[in-house]
Structures are given as C-alpha cells and as structure tokens.
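Q: Please take a close look at the surroundings of the ligand, and then follow the strands from there into the sheets. I would like one connected account.

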Amino acid sequence: MVMLYSFSHSISIYNHCMDKLVAVIGGGPAGLMAAEVISARGVRVDLYDSMPSLGRKFLMAGKGGLNITHSEPFEQFVSRYGKRRAQIEPLLKTFGPHEVRQWVHGLGIETFVGTSGRVFPEGMKASPLLRAWLKRLANSRVTFHLRHRWRGWLPDGSLHFATPEGETATSPEAAVLALGGGSWSRLGSDGAWVPWLEQAGVRVEALKPSNCGFDVDWSPHFRERFEGQPVKSIVLSFGSFRQQGEFIVTKEGLEGSLVYAASALLRDELSSQGKAILSLDMTPDRSREWLVEKLSKPRGARTMASHLEKTVGIKGVKAGLLREFVAKEDFTNSERLASAIKALLIPLIAPRPLDEAISSAGGVMFEELDEDLMIRSMPGVFCAGEMLDWEAPTGGYLITACIASGYMAGNGVLKWLEASTNR
Ligand SMILES: Cc1cc2nc3c(=O)[nH]c(=O)nc-3n(C[C@H](O)[C@H](O)[C@H](O)COP(=O)(O)OP(=O)(O)OC[C@H]3O[C@@H](n4cnc5c(N)ncnc54)[C@H](O)[C@@H]3O)c2cc1C
C-alpha cells in the first residue's frame with residue numbers, strides 16, 4: 001500500500017497555538033505548502049497574494065507538462081543545487097522528491113515517471129492538483145486574501161498591504177514570506193520585495209536570470225530564415241558542461257532546454273569575462289575523421305549546400321549555423337569544415353532579461369536565515385521558495401525545493417509559536 005504523506009501526526013502538541021494567527025504572503029507552491037503545514041496543526045493562517053488568483057506560475061509551469069520532481073537517486077538529485085547544495089540538502093532530507101510524490105498522491109492525483117526520469121502528475125497538468133490543494137487549504141483554517149499586495153513593513157512593524165479597497169495592515173504572531181523570484185512578473189512575482197528587505201537590513205543577492213536564453217548577433221538573413229527552428233541532437237559544450245539535446249533559434253538568439261541547462265555557467269562567464277562562447281557538436285554520432293573522409297569526396301558541379309547535405313547530412317538550420325560562423329574559405333577545406341562541424345563556436349552577447357527566464361538566481365542570502373529559514377534579525381519572519389538565494393536546472397528541481405522550503409518554514413513557524421508560548 002502507498003503511504004500518503006500526513007501532516008496531522010502531532011496536532012496535540014500545538015493545541016495551545018490554535019488561537020494564534022500567522023500570515024503567509026505569496027500563494028505559489030512555497031507559500032501554499034507553508035500554509036498547509038501551519039494550518040494542519042490547527043493554527044489560523046491568513047494567506048495574502050497580490051494577484052486575483054493563486055498559483056499562477058505553478059499553473060504556467062503545468063502548461064508544457066508539470067514536472068513536479070525527479071526520480072533520480074537522492075545523491076544525484078541534491079547535486080543539482082550546485083553552490084547551494086549544503087543549504088538545500090537539509091530541506092530535501094526533510095521533504096524531498098519522495099515526499100513530494102506522496103504528497104501529490106495524498107491530493108488524489110497519481111504520478112508517473114517520464115522517459116527522462118522526470119516525474120509528472122497524471123494528466124501532466126497543474127490545474128487539477130492546484131484545485132485539490134486549494135480546496136484542502138480552504139477547508140482547514142486558511143483564509144485567502146487576494147489582490148492584497150504586500151508593500152513592506154510600517155514603522156510599527158506591522159505588515160503593510162495595498163488592496164483595491166485601500167491600505168491595510170496586520171500584526172500576526174509570525175509571517176512567512178514566499179514572494180517568488182523576479183521572472184514572468186505578469187504572473188505575480190516581480191521581485192519588488194528586494195528593496196523592502198534590504199531596507200530592513202536583510203542581505204539579498206541581486207536577482208539574476210536562471211534557466212534563460214541568450215542573445216546572439218544573428219545576421220538579418222539567418223534570423224529571417226531560421227527564427228523559430230529547433231536545432232536537434234547536438235552536443236553543447238562549455239567548460240565542464242557537455243550535454244546532448246536541442247535548442248530553438250529565436251529572433252534574439254537561443255532558447256530551450258539544452259541552453260537552460262548551461263545557462264548558469266554561461267551567465268556567470270558573461271558577467272565575469274564580458275563574453276561567453278559555446279561550442280556545438282552538430283554530428284555527435286559521427287567522428288571528425290568520418291566527416292573529413294566524406295567531405296573530401298569530389299563536389300563536382302554540386303553547390304556547397306547540396307554537397308554538405310549529400311555527404312554528411314547537414315542541411316537547413318545546421319547548415320545555416322555553419323554559414324553564420326565559419327569563414328567562407330574554410331568551406332573548401334574538408335579538415336577545417338569537419339572541425340567546425342564538431343566544434344562550432346557561437347559567441348553569446350548577454351543573457352535574456354530576468355523577466356523572460358524560467359526562474360531566478362539570487363535572493364535572500366542563507367546566511368541571513370537560521371536552519372528553520374527564519375530571518376535571524378527579524379524573529380518570527382520566515383522566507384521560502386524561489387526568493388531564497390539558490391538556483392537549479394529545470395527537471396522538477398525548482399518546484400521540489402520550493403515545496404521543501406515551504407515545508408521547513410511552516411514547521412519553523414510552529415516551533416516558533418510553541419517557543420513563544422513559553423517566553
Ligand atoms: C514557464 C515556466 C515553466 C516552469 N516549469 C517548471 C516545471 O515544470 N518544474 C519546476 O520544478 N519548475 C518550473 N517552473 C518554475 C516554478 O514554477 C517556480 O520555481 C515556482 O513556482 C516558484 O514558487 P514560489 O512559491 O517560490 O514562487 P511563485 O510561484 O512565483 O509564487 C509567488 C507568489 O507571491 C505573490 N507575490 C509576489 N510579490 C507579492 C507581493 N508584494 N504581495 C503579495 N503577493 C506577492 C505572487 O503573486 C505569487 O503568487 C517554471 C516556471 C516557468 C515560468
């Protein structure tokens with residue numbers, strides 16, 4: 001029998017906290033999980049969001065198939081958090097990929113593992129899951145306050161909101177900030193909270209695009225001809241990064257899963273060196289020697305485009321990329337052309353703007369937080385989700401860490417309330 005994740009095993013411990021009120025600001029996966037944990041102990045939660053409905057980015061994530069977590073071994077899973085592994089690992093040990101799946105099952109939705117090991121809810125959509133989740137929260141002690149935009153703290157320490165009816169303030173026993181990062185601001189998370197936290201003395205690493213595309217200086221001809229086309233089955237290399245996959249040529253440059261996977265390295269290189277050059281192997285299944293031999297065959301009256309296609313199968317957008325970055329004279333030199341096909345160098349100009357990125361890097365520094373994700377200098381204020389200073393590739397790692405941090409912050413709030421009754 002499948003064990004469903006239960007939040008109710010220690011309700012009695014917190015009975016004396018039931019008269020308390022907690023504010024959760026931000027109704028994405030991190031805030032909703034914090035609200036679930038807190039309300040499951042019978043504590044009242046007021047959940048605020050600036051948008052007219054909750055979980056908009058979560059719903060958007062479900063558009064192309066909601067990749068909720070990943071099935072790879074835990075050791076590999078935690079390695080995806082790179083520089084912030086040490087801070088994210090304890091969260092995942094408490095509520096990790098396994099618990100995320102059990103929790104989805106607890107909402108009455110099965111999960112399945114896709115061919116790449118990624119985990120999806122049955123039907124792949126986010127909306128049934130979000131609907132079931134919000135229903136469960138509404139049936140517990142969570143009150144939703146939509147169109148309530150948090151604007152920081154008033155001088156008396158209360159939380160300040162702008163609403164369609166005017167300004168309002170509240171002073172709950174504890175608060176969880178789960179305001180998201182700074183991408184796709186039209187879905188609600190716009191990073192406006194950064195200066196408010198900084199003014200309160202909390203150090204925040206500047207928000208940066210993560211899992212983002214990059215600008216390339218395409219010629220007008222290439223852009224016109226190949227915009228929107230996928231470049232498939234290629235290997236992208238950059239420093240220690242080497243991965244097979246595909247990307248899409250955009251009007252401005254490159255987008256897509258393979259580019260996103262290398263984006264943190266490319267972004268940091270652009271920031272520190274002012275330039276980044278990625279390398280593409282356009283025929284990963286063919287050796288350079290094989291290419292040289294084929295390309296050396298007499299071309300006869302064939303055009304170079306037709307020669308490339310007939311001998312080594314390179315055509316369309318791949319041939320266009322070669323034209324874009326290989327010197328004209330190298331096309332008649334089989335050795336040099338083969339080298340370019342195996343390692344085509346594409347200079348990048350800049351990452352695409354934060355608002356277009358799948359996620360944000362940067363955020364509230366972990367050094368500002370205790371192990372329960374409470375801001376050390378602001379007792380009773382907790383942070384969770386993408387607004388924390390970590391990043392991860394796509395593959396379910398983002399939502400998993402958001403949910404895990406919401407779980408940790410929610411439990412932190414309960415501990416804090418428990419301790420405050422003894423203070
Ligand atoms: C196109 C797209 C596809 C994605 N696909 C996946 C995927 O398949 N798998 C995956 O793991 N991740 C995916 N992600 C990333 C994932 O959706 C986010 O990492 C996750 O939603 C972040 O959760 P969060 O709760 O921290 O913040 P958010 O989901 O951004 O929620 C923050 C909430 O805070 C509210 N808010 C912000 N500021 C204020 C304020 N001042 N006052 C009141 N409310 C405020 C916002 O309205 C919002 O509802 C995708 C993202 C995008 C854009």
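A: The account below begins with the ligand and then turns to the strands and their pairing.

The model is predicted, and the contacts described here should be read with that in mind. The shell around the ligand comprises 30 residues, of which Asp49, Asn67, Trp150, Glu386 and Ile399 are the closest. By residue class, this shell divides into 14 nonpolar, 12 polar and four charged residues. Several elements of secondary structure contribute to the shell, and at least two residues each are supplied by α1 (29–39), α2 (56–61), β7 (149–153) and α14 (397–421).

Among the polar approaches to the ligand, an N or O atom in the side chain of Glu386 is placed 2.5 Å from an oxygen atom of the ligand. Trp150 contributes through its backbone, from which a polar atom lies 2.9 Å from a nitrogen atom of the ligand. Ser189, in turn, brings a polar side-chain atom to 3.1 Å from an oxygen atom of the ligand. Taken on its own, the ligand has 1,000 Å² of accessible area, and the protein covers 95% of that area. The site itself is the largest pocket, in which the ligand sits.

From the ligand shell, β7 leads on to a strand pairing, since β7, which supplies at least two shell residues, is joined by three bridges to the antiparallel strand β8 (residues 159–163). Within this pairing, Trp153 has Leu159 of β8 as its bridge partner. Five residues lie between the two strands of the hairpin, and Gly157 takes a positive phi near 90° there.

A further part of the model is an open sheet of seven strands, with antiparallel pairing and the order β17-β16-β13-β14-β15-β12-β18. β17 (344–348) and β18 (350–351) stand at the edges with a single partner strand each, so each has one side left without a neighbour in the sheet.

Inside this order, strand β13 (residues 230–238) and strand β14 (residues 241–249) run antiparallel and are joined by seven bridges. Phe238 is matched across that pairing with Phe241 in β14. The hairpin that β13 and β14 form has two residues between the strands, and Gly239 in its turn has a positive phi of about 55°.

β13 also pairs with strand β16 (residues 276–281), again in the antiparallel sense, through three bridges. Here Val235 has Asp281 of β16 as its bridge partner. Elsewhere in the sheet, two bridges connect strand β12 (residues 214–215) with strand β15 (residues 253–255), and this pairing is likewise antiparallel. The bridge partner of Phe214 is Leu254 in β15.

Definitions and conventions:
Residues are numbered from 1 along each chain as its sequence is written. This is a predicted model: local features need pLDDT of at least 70, side-chain atom pairs count only at pLDDT 80 or more; totals for chains, interfaces and linings use all residues. Side-chain values use heavy atoms; hydrogens and water are left out. A residue is near a molecule or strand if one of its heavy atoms lies within 4 Å of it. A polar contact is a pair of N or O atoms within 3.5 Å; within protein, one must be able to donate a hydrogen and the other to accept it, and residues adjacent in sequence count only if both atoms are side-chain atoms. Accessible areas come from the Shrake-Rupley method with a 1.4 Å probe; for residues, only the protein chains shown count as cover. On a 1 Å grid over the protein atoms alone, a cavity is a set of points where a 1.4 Å probe fits but cannot get out, and a pocket is an open set with protein on both sides within 12 Å along at least five of seven lines; lining residues have an atom within 4 Å of a point. A molecule sits in a cavity or pocket if more than half of its atoms lie within 2 Å of its grid points. Helices (H or I, at least four residues) and strands (E, at least two) are DSSP runs, numbered from the N terminus. Ala, Val, Leu, Ile, Met, Phe, Trp, Tyr, Cys and Pro count as nonpolar, Asp, Glu, Lys and Arg as charged, and the others, Gly among them, as polar. Two strands pair if DSSP finds at least two bridges between them.
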